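The following report walks through a two-part account, beginning with confidence and moving on to strands, a helix and the contact between chains. Please read it beside the sequence and the coordinates.

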Amino acid sequence: MTMTATGSAGRDPFEGLPEHDDEAMARLHARLAEQAGAEGVLDVAYRTLDTPAGTLLLAATDAGVVRIAYAVQDHAAVLQQLADRVSPRVLRAPGRLDEAARQLDEYFAGRRRTFELPLDWRLSKGYRRQVLGLLPAIGYGRTESYAQVAAASGSPRAVRAVGTACATNPLPVVVPCHRVVRSDGSPGQYAGGADAKRLLLALEEA
Amino acid sequence: MSKPPFEQIVTEHGPMVLRVVRAVLGPHDAEDAWSETFLAALQAYPELPGDANVAAWLVTVAHRKAIDVTRATARRAVPVGELPERPSRSGRPEDWDPDLWRALKALPERQRHAVAYHYLAGLPYREIAAMTGGSTDAARRAAADGMRTLRRTYPAHPDGDADTSTDIGASTGGGTGAAPPAAAEAGRSTGTRGGQGAAAGNETGARGR
């Protein structure tokens with residue numbers, strides 16, 4: 001008895017309690033996401049989705065999809081922006097994004113031409129918001145130049161501002177800024193990188 | 001002040017809080033307490049000051065939830081002796097050593113709280129005292145007394161301790177394998193008495209202050 005006590009004096013009795021129990025944490029996380037949604041305290045739900053254009057981050061509020069981001073935009077930084085600009089009540093909670101993920105999967109498989117999703121526009125304001133609102137009118141497989149979009153917005157000289165609006169589009173793919181190209185027909189820049197833009201345009205031409 | 005997304009709080013502190021509520025409440029009630037803790041924390045998170053100690057805040061919420069659960073369990077009056085006897089881990093990842101919970105359960109509640117909050121959550125005794133009431137010194141004594149009792153009542157590897165048993169085993173062949181568990185059993189029952197002694201010592205210390 002004395003020996004046992006002496007022998008174990010240096011040990012951590014909490015060895016018997018695992019520091020990491022991944023299965024329990026996964027179960028508890030899923031339960032938290034579900035309860036938070038049900039109780040109305042989940043302000044921003046997010047998930048990731050693997051696509052031919054890389055892993056996309058999808059985020060939604062109660063009102064609808066609020067943010068889509070490419071991997072090159074740094075998902076951790078995007079989540080921090082959501083915490084700062086929308087609410088820090090941010091959780092990985094795939095359920096709220098099931099429909100968005102399904103429609104994006106169909107789009108990348110070539111089986112969907114338009115998105116039917118509620119959108120939360122709160123991350124885009126003023127003229128940029130106005131420009132982005134014009135983009136869904138550019139149909140699948142078509143393109144317009146920055147100058148054409150500027151003209152359509154009623155400010156034909158605001159070509160650079162149209163470029164900025166597209167570059168800061170919080171909802172790429174679903175709000176098709178990839179269909180806005182240079183006047184010479186070359187793709188031009190894109191929030192997800194020039195390769196992603198070429199990929200989307202090629203997908204829609206097929 | 002910029003605050004990380006709550007997801008990051010869950011990732012960074014979730015496993016620690018799970019260990020704490022498991023140590024305080026045992027395997028049956030721990031996950032409910034964890035869920036209630038993080039749901040309440042998520043709700044209150046926007047109002048948390050940006051420079052707050054998040055771990056201490058979460059453990060404070062967990063402490064209140066654990067007390068709620070303990071009271072609810074007491075109302076349901078579950079017989080104490082009906083914990084399932086499990087001689088070894090069943091292999092399920094959520095399963096943890098039932099002997100450890102038996103040893104923790106035998107501690108006075110104040111000591112179990114102090115041990116969990118200090119040794120598992122890493123909170124300083126000042127924070128623990130603010131949470132559980134009483135002085136910083138009393139929290140320190142409760143943790144020390146609780147840990148001393150635990151080390152006696154919960155030998156982590158009962159059959160790996162005795163150096164001499166190897167020699168005896170070598171000379172007499174088999175048959176000595178039963179001795180270490182028997183010693184552990186004796187240690188456990190002695191330790192329960194020791195736990196009560198430690199609690200009494202703690203009260204004495206509090207009076208001496």
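## Confidence, strands and interface

In chain A, residues 1–9 have a pLDDT that stays under 50, and for this stretch the model has 11 contacts beyond four places in sequence. The structure is a predicted model, and the confidence values therefore deserve attention before any geometry is read from it, pLDDT being the predictor's confidence in each residue. Chain A as a whole has a mean pLDDT of 93, with 95% of its residues reaching 70 or more.

Chain B averages a pLDDT of 75, and 65% of its residues score at least 70. Over residues 159–209 of chain B the pLDDT is below 50, although this stretch has 41 contacts in the model beyond near neighbours in sequence. Residues 85–94 of chain B also stay under 50 in pLDDT, and the model has 18 contacts for them beyond four places in sequence. For the complex, the predictor gives an ipTM of 0.91 and a pTM of 0.79.

Within chain A, strand β1 (residues 44–51) takes part in two pairings, which are set out below.

| Partner of β1(A) | Sense | Bridges | Opposed residues |
|---|---|---|---|
| β2(A), residues 54–60 | antiparallel | 7 | A:T48 and A:L57 |
| β4(A), residues 90–92 | parallel | 3 | A:A45 and A:L91 |

The antiparallel partner follows β1(A) in a hairpin, with 2 residues between β1(A) and β2(A). In a regular strand the side chains alternate between the two faces of the sheet.

Which residue forms a salt bridge with A:R102? The partner is A:E99, and the closest N and O atoms of the two are 2.7 Å apart. Because A:R102 and A:E99 are 3 residues apart in helix α4 (residues 98–108) of chain A, they are separated by about one helical turn. Over all chains the count comes to 17 salt bridges.

Turning to the interface, 45 residues of chain B are in contact with 39 residues of chain A. Chain B and chain A bury about 4,000 Å² between them, and 64% of this area lies on carbon and sulfur atoms. Of the area that chain B buries against chain A, B:E7, B:R19 and B:R151 supply 17%, which is more than any other three residues.

How many salt bridges are counted between chain B and chain A? The count is 4, and one salt bridge between these chains joins the side chains of A:D21 and B:R22, at 2.8 Å from N to O. Between chain B and chain A there are also 18 residue pairs in polar contact, with both residues at pLDDT 80 or more. Several helices of chain B each supply at least two residues of the side that touches chain A, namely α1 (6–25), α2 (30–44), α4 (98–105), α5 (109–120), α7 (136–153) and α8 (163–172). Helix α1(B) gives the most to this side of chain B, with 9 residues. By class, the side of chain B that touches chain A has 26 nonpolar, 7 polar and 12 charged residues.

Conventions
Residues numbered from 1 in each chain as written. Chains lettered and ligands numbered in written order. Heavy atoms only, no water. Pairing = 2+ DSSP bridges. Helix = DSSP H or I, 4+ residues; strand = E, 2+ residues; numbered from the N terminus. Contact = heavy atoms within 4.5 Å. Buried area = accessible area lost by both parts, 1.4 Å probe. Polar contact = N/O pair within 3.5 Å; in protein donor to acceptor, adjacent residues only side chain to side chain. Nonpolar A, V, L, I, M, F, W, Y, C, P; charged D, E, K, R; others polar. pLDDT = per-residue confidence, 0-100.
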